[in-house]
Amino acid sequence: MNSEEYKVVNKLKVYRAMRNFTQEELAQKLGVSRQTIIAIENNKYLPSLPLAFKISQLFKINIEDIFEYQEE
Amino acid sequence: MSSMNIEKFKQIRVGVAFFVGFLVSIAVSIDSTVLALAAIITGIIFLVLARSKAKVVVDERDKTIREKAANITYAIFAPTIATGALLLILFGKGRYLYLESLGMVLAYLTCFLIVVYAISFWYLNKKYGGGNEL
C-alpha cells in the first residue's frame, strides 16, 4: 500500500486553539520546530509515532481523537 | 553571550560568511595562504560557538527532508557520473589520455559511492531488524 491509497488528517489546529497555544509555544512543548507544526496542521507532513503520542499526551486525548486514518 | 534565537543565529551566520569571504579575497589578492586559513578557521570556530548558544532545533521533519534529499542526490549523481565516466573513457581511449584518466577517476568515484551506499544500507538494514528473512 503506497501513500496515495490512504490519507491521515488531523485536528491539531483545533486542539491547539482550544488550549490557546501559539504554534511557537506548541513547537517548544513538543521539542520540534514551528515549521513542523505548520506542516502537520496543513497535513503536509505525517509525524512519527513517538511525536504523535507526545501530541496526544500533551492534549490528554487518544491518538485517534486527533489523527484520523482515511482510505481513498 | 546569552542564549539567542534562530533568527539572530542566521544573521550572525550571514555576517560571518561575509567577513570570511572578505578576508579570503584579501588573502588571495596578497597571496597569503595563512590569512585565508586563519579566516576560515576563525569563522568555523565562531559559528560553532554561536550555534551552541542558539536554540537550533533539528527535528524529525528536518531529518526526513535530509534523508529524501540524500536519496534524490544519490539517485541523480550516481548514474550521471557513471555515464559521464563511460563516455569519457570511450571518447578518450587511445586519443586523449587526460580524458581517459578523468573518466577512470570518475569511474572509481562511482564505485566508491556505490560501495559506501551498499555498506550503509547493509548496516542500517541490520540495525532496523532486517536481514533475518527465511
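# Reading helix crossings and a pocket

Me: In this predicted model, at what angle do the axes of helix α2 (residues 23-30) and helix α3 (residues 34-41) of chain A cross?

Reply: Start with the general idea: a packed helix pair is described by the angle between the two axes and by how far apart those axes are. Here, the axes of α2(A) and α3(A) come within 8 Å and cross at roughly 105°. That angle makes α2(A) roughly perpendicular to α3(A), since 65 to 115 degrees counts as roughly perpendicular.

Me: Which residues make that contact between α2(A) and α3(A)?

Reply: On the α2(A) side you'll find A:Gln23, A:Glu24, A:Leu26, A:Ala27 and A:Leu30. From α3(A) come A:Arg34, A:Ile37, A:Ile38 and A:Glu41. Sort the residues of this contact by class and you get five nonpolar, one polar and three charged.

Me: And how is α2(A) placed against helix α4 (residues 49-59) of chain A, roughly parallel or roughly perpendicular?

Reply: Go through the same two descriptors, angle and distance between axes. The axes of α2(A) and α4(A) come within 10 Å and cross at roughly 115°, so these helices are roughly perpendicular to each other. The crossing is right-handed. In the contact, A:Leu26, A:Lys29 and A:Leu30 of α2(A) meet A:Leu51, A:Lys54, A:Ile55, A:Leu58 and A:Phe59 of α4(A). Its classes are six nonpolar, no polar and two charged residues. Notice that A:Leu26 and A:Leu30 are also listed in the contact of α2(A) with α3(A).

Me: Over to chain B. Is the crossing of α3(B) and α4(B) left-handed or right-handed?

Reply: Left-handed. The axes of α3(B) and α4(B) come within 8 Å and cross at roughly 150°. Angles over 145 degrees count as roughly antiparallel, and α3(B) and α4(B) are therefore roughly antiparallel to each other. By class, their contact has 19 nonpolar, four polar and one charged residues.

Me: Which helices each supply at least two residues of the lining of the second largest pocket?

Reply: That would be α3 (60-92) and α4 (97-127) of chain B. The pocket has a volume of about 360 Å³. To trace the lining, pick out B:Glu67, B:Lys68, B:Ala70, B:Asn71, B:Tyr74, B:Tyr117, B:Ser120, B:Phe121, B:Leu124, B:Asn125 and B:Tyr128.

Me: How many nonpolar, polar and charged residues are in that lining?

Reply: Six nonpolar, three polar and two charged.

Conventions: Residues are numbered from 1 along each chain as its sequence is written. Chains are lettered from A and ligands numbered from 1 in the order in which they are written. This is a predicted model: local features need pLDDT of at least 70, side-chain atom pairs count only at pLDDT 80 or more; totals for chains, interfaces and linings use all residues. Side-chain values use heavy atoms; hydrogens and water are left out. Axes are lines fitted to C-alpha atoms, for helices over the stretch in contact, and angles run from 0 to 180 degrees between N-to-C directions. Helices (H or I, at least four residues) and strands (E, at least two) are DSSP runs, numbered from the N terminus. Angles under 35 degrees count as roughly parallel, over 145 as roughly antiparallel, 65 to 115 as roughly perpendicular and the rest as oblique. Contact means heavy atoms within 4.5 Å. Ala, Val, Leu, Ile, Met, Phe, Trp, Tyr, Cys and Pro count as nonpolar, Asp, Glu, Lys and Arg as charged, and the others, Gly among them, as polar. On a 1 Å grid over the protein atoms alone, a cavity is a set of points where a 1.4 Å probe fits but cannot get out, and a pocket is an open set with protein on both sides within 12 Å along at least five of seven lines; lining residues have an atom within 4 Å of a point. Grid points are joined across faces, edges and corners, and a volume is the space filled by probe spheres set on the points. A crossing is left-handed if the near helix is turned anticlockwise from the far one by less than a right angle, and right-handed if clockwise.
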